[in-house]
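Work through these exercises with the structure open. Each task comes with a worked solution.

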Amino acid sequence: MDITLGQFFPEDSVIHKLDPRTKIISLFILMIVIFCAEGAAAYVFLSAVTCAVIFISKIPPITILKSLKPIILIVAFTFIIHLFTHNGEVLAELGTFKITDEGVKFGVLISLRLILLIVLSSLLTFTTSPIQLTDALEKLMSPLKKIGVPAHEFAMMMTIALRFIPTLIEELDKIIKAQKSRGADFDEGNIIQRLKNFVPVLVPLFLSSFRRADELALAMEARCYRGGEGRTHFRQLKFHRADFFTALIVILIVAIVVKI
């Protein structure tokens with residue numbers, strides 16, 4: 001399965017060199033802006049901003065497209081739902097269902113919203129190493145330590161989950177190919193039969209996941225990992241001029257979208 005979700009692509013770009021906290025906060029703000037944006041002009045502008053970020057990050061466009069593969073069905077389903085559930089001028093009729101101009105408009109805008117959210121989220125993992133993500137999340141959640149929230153452990157858990165997504169996808173692909181070589185068929189029959197056919201895939205996948213989790217725990221214990229208590233950092237996170245410039249650009253983007 002050619003899915004790039006959760007992978008890190010080292011490149012020499014301005015986006016890669018930004019402080020990971022800047023990238024996380026900027027992503028959070030842009031996600032809110034995308035959810036609050038209204039009208040085609042706002043989405044066209046946000047799409048142009050996203051394309052500019054992709055260009056600056058030097059991530060190949062084909063890699064970005066691969067990150068959209070897991071949500072293709074969700075986007076298609078969302079578009080179809082909006083296509084038939086909005087009132088407006090009727091463009092076509094399919095039996096009792098009517099396709100309206102408002103349905104097409106909202107279907108395109110909501111689908112574009114999902115695509116922008118996934119692309120921007122993928123760019124965060126593409127341009128930020130797991131270690132940087134862990135340190136940034138820990139720093140951002142450090143104020144929560146005062147109320148007993150284990151910030152380091154929570155950040156480590158999220159980062160490990162992201163890190164092992166590509167590994168599990170690769171493992172799933174190997175198991176499916178192995179089952180197909182033994183005569184298994186995952187494409188025929190109704191939905192219930194297809195789900196039953198996936199049982200021989202899910203069982204070894206879960207066993208492999210538990211085995212990898214146990215190996216990871218042993219490796220962390222062998223390296224005397226004891227959580228965030230008393231832990232020091234080899235590389236200290238510091239904001240630079242580019243981070244403040246990025247913050248100004250994000251504020252400008254928010255202002256433009258609000259004005260539009």
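**Exercise 1. Find the partner of the threonine 50 side chain.**

The side chain of threonine 50 reaches the backbone oxygen of leucine 46 at 2.9 Å. A polar contact is a pair of N or O atoms within 3.5 Å; within protein, one must be able to donate a hydrogen and the other to accept it, and residues adjacent in sequence count only if both atoms are side-chain atoms.

This is a predicted model: local features need pLDDT of at least 70, side-chain atom pairs count only at pLDDT 80 or more, and totals for chains, interfaces and linings use all residues. Residues are numbered from 1 along each chain as its sequence is written, and side-chain values use heavy atoms, with hydrogens and water left out.

**Exercise 2. Place threonine 50: is it buried or exposed?**

Step 1. Threonine 50 lies in helix α3 (helices are DSSP runs of H or I, at least four residues, numbered from the N terminus).

Step 2. Its relative accessible area is 6%. Buried means under 20%, exposed over 50%, partly exposed in between (1.4 Å probe, protein chains only). So threonine 50 is buried.

Step 3. Leave aside neighbours within four places in sequence. Threonine 50 then contacts Leu116, Val119 and Leu120 (heavy atoms within 4.5 Å).

**Exercise 3. Check the span of helix α8, residues 151–181.**

Step 1. The expected span is 1.5 Å times one less than the number of residues.

Step 2. For the 31 residues of α8, that gives 45 Å.

Step 3. The end C-alpha atoms are 45 Å apart, which agrees.

Step 4. Look just after α8. Glycine 183 takes a positive phi of about 100 degrees.

Conventions: Helices (H or I, at least four residues) and strands (E, at least two) are DSSP runs, numbered from the N terminus.
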